[in-house]
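Got your viewer ready? Load the model, pick a cartoon view, and follow along one selection at a time.

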Amino acid sequence: MKLVADVAVPEITDDQVLVRVVAAALNPIDFKRRLGFLKASDSPFPIIPGFDIAGVVVKVGSQVKGLKEGDEVYGDVNATGATGPKQFGTLAEYTAVEERLLALKPKNLDFVQAAALPLAMETAYEGLERAGFCEGKSILVLNGAGGVGSFVIQLAKHVYGASKVAATSSTGKLELLKSLGADVAIDYTKENFEDLPDKYDVVYDAIGQAEKAVKAVNERGLVVSIADSVSPPHISFFLTSDGSILTKLSPYLESGKVKPVLDPKTPFPFDKVIEAYTYLESHRATGKVVIYPIP
């Protein structure tokens, strides 16, 4: 990866808007893409990477109905990012995005906070929906301090009304789990979650431990994994991006019931993107890593 200064502003299609990018967040799929894990379905080179943005609409296509120039928006620009991400992503001054992938930015959040939301929060939501999660159910979240895990805890507790939320992390992040809404915080450096007596209606695997996760569900329970393959009836999936999910969750963001978790090192400036990738790849990040300002 390298910075270049002679890239044309993207053209938009009828259903797209052109967004001036203010902030862009990184996700594990970004460094996995750089390492070649998506090679079979990726776009041709040269590739401008990036999934998550927050920015300002500067141009709208002829079929765009719900957005106008000047709107502050956010979203995940790749409809099916794990199977064919766009050639021209979000780590640029401008990006072209389908209207259906975006939502209006909550007024109480700045651009850095908003950029940290889309992919991770939509993934958390889609997994809970696929598992049929609802009020009164219990859940265990593996990697609760990560980007997706931090949203699974909050959505399960504050949106769905879980009866019990448990989550795993390292020792230094246990208090964060509790602050997000976890009733039980499990230190994975000291305990094996699969050996504990409590069993759950849903185990949300956001780290890649599906084999162990299956041992932590109750007799009716389901494992949902975004990082490992599982056998039915358990569920593994890749996110299908949808701006309507962001709009649906906006009241919880505006009320402060659900909030982004930003890594203490965030934001990284645009000329430190490579350092931000390296940091995310170290698996030491807490919450989200955001690039700002751009450029």
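Start by selecting strands S1 and S4: 5 bridges join S1 to S4, and the two run antiparallel. Strands here are DSSP runs of E, at least two residues long, while helices are runs of H or I of at least four residues, both numbered from the N terminus. Two strands count as paired if DSSP finds at least two bridges between them. Want one pair to zoom in on? Val17 has Val97 in S4 as its bridge partner.

A word on what you're looking at: this is a predicted model, where local features need pLDDT of at least 70 and side-chain atom pairs count only at pLDDT 80 or more, while totals for chains, interfaces and linings use all residues. Residues are numbered from 1 along each chain as its sequence is written, and side-chain values use heavy atoms, with hydrogens and water left out.

Stay on S4, residues 94–98. Is this strand enclosed or open? Of its 5 residues, 4 are buried, so S4 is largely enclosed by the rest of the structure. (Buried means under 20% relative accessible area, exposed over 50%, and partly exposed in between, using a 1.4 Å probe and protein chains only.)

Next, select residues 16–26 and 52–60. These are S1 and S2, which pair in the antiparallel sense over 8 bridges. Leu18 sits opposite Lys59 in S2. Now add residues 72–76, which is S3: S2 and S3 are antiparallel too, over 5 bridges. Look for Val56, with Glu72 of S3 opposite.

Time for another sheet. In which order do its strands lie? This open sheet of 6 strands reads S8-S7-S6-S9-S10-S11, with parallel pairing. At the edges are S8 (184–187) and S11 (235–236), each pairing on one side only. Select 164–169 to get S7, joined to S8 by 4 bridges and running parallel. Thr168 makes a good landmark, as its bridge partner in S8 is Ile186.

Now switch on side chains and head inside. Which residues touch the most other members of the largest nonpolar core? Of its 52 residues, they are Tyr74, Met121, Ile139, Leu155 and Tyr204. Helix H4 (residues 147–159) gives this core its largest share, 6 residues. There is also a second, separate core of 27 residues, including Val64, Val73, Leu91 and Phe268. (A nonpolar core is a set of buried Ala, Val, Leu, Ile, Met, Phe, Trp, Tyr and Cys residues joined through side-chain atoms within 4.5 Å.)

For a close-up, select Glu281, which is found in helix H8 (residues 273–281). Glu281 is partly exposed, with a relative accessible area of 26%. Leaving aside residues up to four places away in sequence, Glu281 touches Phe31, Arg34 and Leu35; a contact means heavy atoms within 4.5 Å. The side chains of Glu281 and Arg34 also make a polar contact, at 2.5 Å. (That term means a pair of N or O atoms within 3.5 Å; within protein, one must be able to donate a hydrogen and the other to accept it, and residues adjacent in sequence count only if both atoms are side-chain atoms.) Try Asn27 as well: Glu281 and Asn27 are 254 residues apart in sequence, yet their C-alpha atoms are 9.5 Å apart.

Finally, zoom out. The protein has 8 helices and 12 strands, and 54% of its 295 residues count as buried. Its C-alpha atoms fill a box of roughly 60 × 35 × 35 Å along the principal axes.
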